[in-house]
Amino acid sequence: MSENKKWYSLDLGLKRKKASSGGCGCGKSEGDCNSPKEELSAEEFYEAAINASIGDERHRDGFEQVFDVKMDRRSAFKKLTASLLIGAGAVSTSCSLTSSGDAKEKAQIDWEEQFKGNYKLMSDEEKKKTVDRLMRSYELRTGKNISMTAENAEEDVLFGYAFNISKCQGYMDCVTACVEENNQDRNSEMQYIRIHEMKDGEGFKFDKADDNYYHEVPVEGHFYMGTQCFHCDNPPCVDVCPVQATWKEEDGLVVVDYDWCIGCRYCMAACPYDGRRFNWSKPEVPENEVNKNQHYLGNRMRKKGVMEKCTFCVQRSRKGKNPACVEACPTGARIFGNLLDPNSTIRWVLENKKVFRLKEDLGTEPKFWYFMD
Amino acid sequence: MRQFKVFKSLVVDSLDTITKGSVKYHLWMGFLTLIILIGMYCYSIQLEEGLSVTGMNDRVSWGLYISNFTFLVGVAAAAVMLVMPTYILKDIDFKQAVLIGEGLAVAALIMCIAFVIADMGGPAVLWHMIPGIGVFNFPKSMLAWDVIVLNGYLFINITIPFYILFRHYQGKEAKKSVYLPGAVLSVFWAVAIHLVTAFLYQGLQARPFWNNALLGPRFLASAFAAGPALIILVLAIIKHFTAFKVEERTIKKIAMIVTVAAQINLIMLISELFKEFYAPTHHSESAYYLFFGLHGKTALLPWIWTAISLNVIATAMLTFNRLRNNPKVLYFCCAMLFVAIWIEKGFGLIVPGFIPGPYGKIVEYLPTSIEVGVTIGIWALGAFIFTILAKTAIGIELGELRYKSKEDTL
């Protein structure tokens, strides 16, 4: 992916092909990434079972679960048999003399990850365990370390966001920063933020706005306005989820447990702000572009068939930093902060500017305000 | 102990019945199996690649699967229109038809569940939805309600006919005190499954096209037209191919139900059209898109106008006694209504709910061939299940299948 390009374009899965033909896309020559591949050639059925469960993951995200196996039709029978026996395999792991310690550990992690509970209901200890498992699993698969946290919401914090319409020039640096920060799928060019280019003098005509432009900005006679998840105080998406895989945290962030989501997309239908995204196919991020500072509820690797969304960069905001979009904005149009802190910039904006929110009549109470200079 | 013996014998006998039949029967089942296999192949591709192989996307996130699900919930609910007169109003007319109706409900419900699973991004973690093991968002999520009512209705519709057939199989009369409470419950339950399914859409303030109070009642009206219409067609086929007797009176009564429901459905359609177009607001855009197209995007026009024409013609024809009493015209009208309401619930209801999107963007939806393959496969699965159920039920009702106790055979 070229550095100068303003936006990502489809790379037609070239990277993926390269990866499956021996390498792993991480550009590392130490052999760690390749070693599981070599193990595949071993005759033991046990190895096949391991491969069926994690074979495709070793060069990318380590979150695919045991049953979500990518089936190669040619070797489908072999893999199917192996998958069926994976339970037995996991048991035999403990007494197997032939399998390596790593493979044993991988199987163990996959097993525990498949049958873990809902993050929302986990105790801090359980949260730590799953995070440790996920980090270890990534290490086993790619030979690289990631740092993942499970920080809970701090007390007396309620995050809010304000957007200065007068300042935004439509550069979309926020969009790029967001994609890089949050490890969004590069193939489908998933973006949480949409920048709407609107004509001066027509007011907020969203339906006539262009939210997918590729020209030089700012265009004469236009103004720009960004939308993303508004982290509603009364979020309709949370109510509709049949399994409570999405919820509002204490600090106001609306988050998703990617491992608990069943992918019914009811929340997507319920969101009035186009704030949610679905992984229609397996999300892919080139290994060298992966942001390794992760949060369980934030930018960790997602898998195929689950929802995801803007989390106000939970991995940053809970560390006292601004979200990536705020930091990246060259015009200062984006303001983020703690609504409960009377000295915060966001409070100053809310108290001194004429602010408004979108679709207030729906009663969703977004924590995302717009204002003009 | 004896009950188990009888049950075992029933299973053996019914397996015997469903594997034997005329050449036409075998051709039919073979044909269905082929389609099911094609559907399974398409689904395996979807499992491998993800839902990106369907025509759905972030803007139109529900499509053919959820459309068919919605429609089939209606078909399943329609069994109540036969159950009520038979078991509760004691109108003996429907007795033969009601077992067929309940069999149809079972097949429709299984198809519903299959469509929902086909639509899921993570079928491997569906256990998250099982109360007790998973986390169920009850009573907040309407989808959680739907899971409960659908499975409950499936249970009722399996147990009641099973009890009755089980008794008949032994040459005994079914005891009213046993099945009547279930039948009464099923009547309310049938209304509930359809209303709850309507609430699934109706409760979303984000989608003004669905967020209207008429949606639930209109679901019921269209379901009570399409469901019994299908039952009439199925009864006609059964009458033609088997010795199972379906009285003329029965079909006439069901035809009456279809007619009234179709008329009510039309009245509601007029009310909806009036509301959307007399004083159009920002919220009428989906309706504009559906009926007239918006900003040059017109993908749904052929569908909806076909549906409306079929609907109006069929309802008008059914309204005249003389036409309705002519079996050939009746069957023709029922087929038209069935197709019309299928379109109305799918391309006419689910898809335009997403178009235009929350910020007015119009992205049109067209199902891919894989999606169509899976859909047809699930329909074939439904037909397959129904054929098996109906063949066994008919066998028992005709007295061909009877339990032979040892005393009898000696």
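Among contacts in chain A between residues at least 6 apart in sequence, what percentage join residues at least 24 apart? The share is 67%. Please keep in mind throughout that this is a predicted model.

## Chain A at a glance

Let us begin with the make-up of chain A. Its secondary structure consists of 13 helices together with 11 strands. The chain has 373 residues, and 49% of them are buried.

## A three-stranded sheet in chain A

One part of chain A that invites a look is an open sheet of 3 strands, ordered S10-S2-S11 and with mixed pairing. Strand S10 (334-338) and strand S11 (368-371) of chain A are the edge strands, and each has a single partner strand, so one side of each lacks a neighbour in the sheet. On average, neighbouring strands here are turned by 20 degrees against each other, with direction ignored.

For a view of the pairing itself, turn to strand S2 (residues 159-164) of chain A, which runs antiparallel to S10(A) and is joined to it by 5 bridges. Gly160(A), for example, has Gly337(A) in S10(A) as its bridge partner. As general background, strands of a sheet pair through backbone hydrogen bonds, in either a parallel or an antiparallel manner.

A helix belongs in this picture too. Helix H13 (residues 345-352) of chain A lies across S2, S10 and S11 of chain A. Relative to S10(A), helix H13 of chain A runs at about 110 degrees.

## Chain B: helices and overall form

Now for the partner chain. Chain B has 15 helices and 0 strands. Of its 410 residues, 47% are buried. Where contacts in chain B link residues at least 6 apart in sequence, 79% of them join residues at least 24 apart.

What are the dimensions of chain B along its principal axes? The C-alpha trace spans about 80 × 55 × 45 Å. The radius of gyration of chain B is 22 Å, which agrees with the value near 22 Å that a compact globule of 410 residues would have.

## Where the two chains meet

Finally, let us bring the chains together. The contact involves 42 residues from chain A and 38 residues from chain B. On the side of chain B that touches chain A, helix H2 (23-49) and helix H6 (142-169) of chain B each supply at least two residues. Which element gives the most to this side of chain B? That is H6(B), with 4 residues.

By residue class, the side of chain B that touches chain A comprises 17 nonpolar, 14 polar and 7 charged residues.

How values were computed
Residues are numbered from 1 along each chain as its sequence is written. Chains are lettered from A and ligands numbered from 1 in the order in which they are written. This is a predicted model: local features need pLDDT of at least 70, side-chain atom pairs count only at pLDDT 80 or more; totals for chains, interfaces and linings use all residues. Two residues are in contact if their C-beta atoms, placed from the backbone, lie within 7 Å. Ala, Val, Leu, Ile, Met, Phe, Trp, Tyr, Cys and Pro count as nonpolar, Asp, Glu, Lys and Arg as charged, and the others, Gly among them, as polar. The radius of gyration is taken over C-alpha atoms; the globule rule is 2.2 Å times the number of residues to the power 0.38. A residue is buried if 20 or more other C-beta atoms lie within 10 Å of its own, exposed if 12 or fewer, and partly exposed in between; C-beta atoms are placed from the backbone. Two strands pair if DSSP finds at least two bridges between them. Axes are lines fitted to C-alpha atoms, for helices over the stretch in contact, and angles run from 0 to 180 degrees between N-to-C directions.
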